[in-house]
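Trainee: Please take one part of this model and go through it closely: the pairs of oppositely charged side chains. Afterwards, place them in the fold as a whole.

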Amino acid sequence: MSWRIDVTEVIAAANSQPYCTSTSRGRVWGHCIPVYPEIPDAGEGPSALPALGRQVNDAMPGYVVRRAEELLGGLAGKRVLIMGLTFRPDVAVTFHTNAVDLLREFSTRGAVVSGHDPLLTDAGVRELGFEPAASTAGFDLAVVHSNHRSYAGLAWGSIAPLVVDARNALDRRVVEDTGARYLGVGRPVTN
């Protein structure tokens, strides 16, 4: 089946919307403009690249959890704080958030998971399946899912000895300067 859609026209239409800067072909996006639209990229024939990209994106929560498990020598009984439960930073929208995928993956491995999001009420945190964190200190692991502006300047080392930056949004030196180890997706961990 050919949709006979020129992707450059689709990108131009997307870019006509405020705050959208979708400028290249072959990207895999998510579910809305500008942060997460899924736009087919058929090009000059069927392309598996967008579907493969979606598979990689969808597998990332499991990858993050496996890396943390390796670094901590297991997750059973470990206290994990997932920070920023919304889909994207500084927007109180939880539709399609994969913070719930992180919760599932950590819980399956025996971790005790809490959630924190300054944009959500405790009831909103519970609606996603998380137990709201009573504080943001004393965890074995912190995972930053959405890096809200209110997280700037946190003493990461008092939150957890290992901070996983699931979006590569943090400045690793800032995290390390507070005494925590840093792990970003696709980046080496602090020794």
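Mentor: A salt bridge here is a side-chain nitrogen of Lys or Arg within 4 Å of a carboxyl oxygen of Asp or Glu. Keep in mind that this is a predicted model. Take E131 and R126, which form a salt bridge whose closest N and O atoms are 3.7 Å apart. That pair counts because the cut-off is 4 Å. How exposed are the two partners? The class "partly exposed" covers relative accessible areas between 20% and 50%. E131 is partly exposed because its relative accessibility is 46%, and R126 falls in that class because its value is 45%. Elsewhere, salt bridges with shared partners connect E69, D101, R104, E105 and R109 in one network.

One link to look at in that group is R104 with E105, a salt bridge with its closest N and O atoms 3.5 Å apart. R104 has a relative accessibility of 44% and so is partly exposed. E105 has 19% and is therefore buried, the limit for that class being under 20%. E105 is also listed among the buried residues of helix α3 (residues 99-108), together with A99, L102, L103 and F106. After α3 comes G110, with a positive phi near 90 degrees.

A further salt bridge joins the side chains of R67 and E70, at 3.1 Å from N to O. Why can these two face each other along one helix? An α-helix has 3.6 residues a turn, so residues three or four places apart point the same way. R67 and E70 fit this because they are 3 residues apart in helix α2 (residues 49-72), about one helical turn. E70 is exposed, since its relative accessible area is 55% and the class begins over 50%. In total, a search of the whole structure gives 9 salt bridges.

One other charged group belongs in this account, although its partner is a ring. The charged end of R79 lies over the ring of F139, 4.3 Å from the ring centre. As for rings with rings, the number of aromatic pairs is 0.

Now the fold. The chain contains 6 helices and 6 strands, and in sequence order they read α-α-β-α-β-α-β-β-α-β-α-β. The 6 strands make an open sheet in the order β3-β2-β1-β4-β5-β6, with parallel pairing. Its edges are β3 (131-132) and β6 (181-184), each of which pairs on one side only.

Further into that order, strand β4 (residues 141-144) is worth following residue by residue. L141 and V143 point one way from the strand, A142 and V144 point the other way, and all are buried. On one side, β4 runs parallel to strand β1 (residues 79-83), with 4 bridges between them. Within that pairing, V80 is opposite L141, and M83 has V144 as its bridge partner. β4 is also joined to strand β5 (residues 162-165) by 3 bridges, and these two run parallel as well. There the partner of V144 is D165. V144 therefore has a bridge partner in the strand on either side, since the sheet order is β1-β4-β5.

Just past β4, S146 is in the loop that leads from β4 to α5 (156-159). S146 is buried because its relative accessibility is 1%. Leaving aside residues up to four places away in sequence, S146 touches M83, G84, T86, F87, R88, P89 and Y151. M83, named above as the partner of V144, is one of the residues that S146 touches.

A few totals close the account. The chain has 191 residues, and 39% of these count as buried. Of the contacts with a separation of 6 or more, 51% are between residues 24 or more positions apart. The accessible surface of the chain is about 10,200 Å², with 53% of it belonging to carbon and sulfur atoms.

Technical notes:
Residues numbered from 1 in each chain as written. Predicted model: local features only at pLDDT ≥ 70, side-chain atom pairs only at ≥ 80, totals over all residues. Heavy atoms only, no water. Buried < 20%, exposed > 50% of the residue type's maximum accessible area, 1.4 Å probe, protein only. Pairing = 2+ DSSP bridges. Contact = heavy atoms within 4.5 Å. Areas by Shrake-Rupley, 256 points an atom, 1.4 Å probe, with all protein chains shown as cover. Phe/Tyr/Trp six-rings, centres within 6.5 Å; stacked < 30°, edge-to-face > 60°. Lys NZ or Arg CZ within 6 Å of the ring centre and 35° of its normal.
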